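Got your viewer open and a selection box ready? Here's a walk through one model, stop by stop.

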Amino acid sequence: MSGKAAGRGRFRRFYAGEVELRITGLAPERLVNMAMSQGVYMWDVRQEGQGLLRATMIAADFFHLRQFARRCRCRVRILAKRGAPFIG
């Protein structure tokens, strides 16, 4: 990805807002897989321990996770909010 394309992606994420999440439960990777298969995209997904993941996603998609969290019996917490919707 060129520098200009990467800059446009960062601007779009800033404008839409992004949230950093902590996902805990017996199978948090299952929640990520289910969400992404339904078009709810996450990036910077990393495992931080047994049953613990961190990920970043567009803020507007956060509320779509509820149905997946229930099915996977996982808990989702917002760790950080970034972007235009959270200024002020």
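## Starting just past a helix

This is a predicted model. Select R73 to begin: this residue comes right after helix α3 and has a positive phi, near 55°.

Now step back into the helix itself. α3 covers residues 65–72. Which residues of α3 are buried? Pick L65, F68, A69 and C72 and you have them. Look down the axis of α3: the buried residues fall within an arc of 100°, so they line one face of the helix. Their packing partners are β1, α2, β2, β3 and β4. Next, select R66, R70 and R71, which are exposed and sit on the face of α3 turned away from its buried side.

## The sheet underneath

Show the strands as cartoon. What is the strand order in the sheet? Reading across, you get β2-β3-β1-β4, an open sheet of four strands with antiparallel pairing. Colour β2 (42–49) and β4 (74–82) separately: each has a single partner strand and stands at an edge, so one side of each is left without a neighbour in the sheet. From one strand to the next, the twist averages 20°.

Zoom in on β2 and β3 next. β3 takes in residues 52–58, and five bridges join this strand to β2, with the two running antiparallel. To find your way along the pair, label M42 and M57, since M42 stands opposite M57 in β3. Then follow the hairpin round: two residues lie between β2 and β3, and G51 has a positive phi near 75° there.

Shift to the other pairing of β3. How many bridges link β1 and β3? There are seven, again in the antiparallel sense. A handy landmark here is L21, which stands opposite A55 in β3.

## Helices on the sheet

Select residues 28–37 to bring up helix α2. This helix packs on the sheet and touches β1 (18–25), β2, β3 and β4. Draw the axes and you'll find that the direction of α2 makes about 170° with that of β2. For α3, try the axis of β4 instead: α3 lies across β1, β2, β3 and β4 and runs at about 145° to β4.

## Ring spotting

Time to show aromatic side chains as sticks. A pair of aromatic rings is described by the distance of the centres and the angle of the planes. There are two aromatic pairs to find in this structure.

Go to F11 and Y15 for the stacked pair, with 6.4 Å centre to centre and 20° between the planes. Both belong to helix α1 (residues 3–16), and because they are four residues apart, about one helical turn separates them. Are these rings' residues buried or exposed? F11 counts as exposed at 56% relative accessibility, and Y15 is exposed too, at 61%.

Finish at F62 and F63, an edge-to-face pair with 5.4 Å centre to centre and 75° between the planes. Switch on the surface for this one. F62 counts as buried at 17% relative accessibility, whereas F63 is exposed, with a relative accessible area of 68%.

Methods:
Residues are numbered from 1 along each chain as its sequence is written. This is a predicted model: local features need pLDDT of at least 70, side-chain atom pairs count only at pLDDT 80 or more; totals for chains, interfaces and linings use all residues. Side-chain values use heavy atoms; hydrogens and water are left out. Two strands pair if DSSP finds at least two bridges between them. Axes are lines fitted to C-alpha atoms, for helices over the stretch in contact, and angles run from 0 to 180 degrees between N-to-C directions. Contact means heavy atoms within 4.5 Å. Rings of Phe, Tyr and Trp (its six-membered ring) pair if their centres lie within 6.5 Å; planes under 30 degrees apart count as stacked, over 60 as edge-to-face and the rest as tilted. Buried means under 20% relative accessible area, exposed over 50%, partly exposed in between (1.4 Å probe, protein chains only). The arc is that of the directions from the helix axis to the C-beta atoms.
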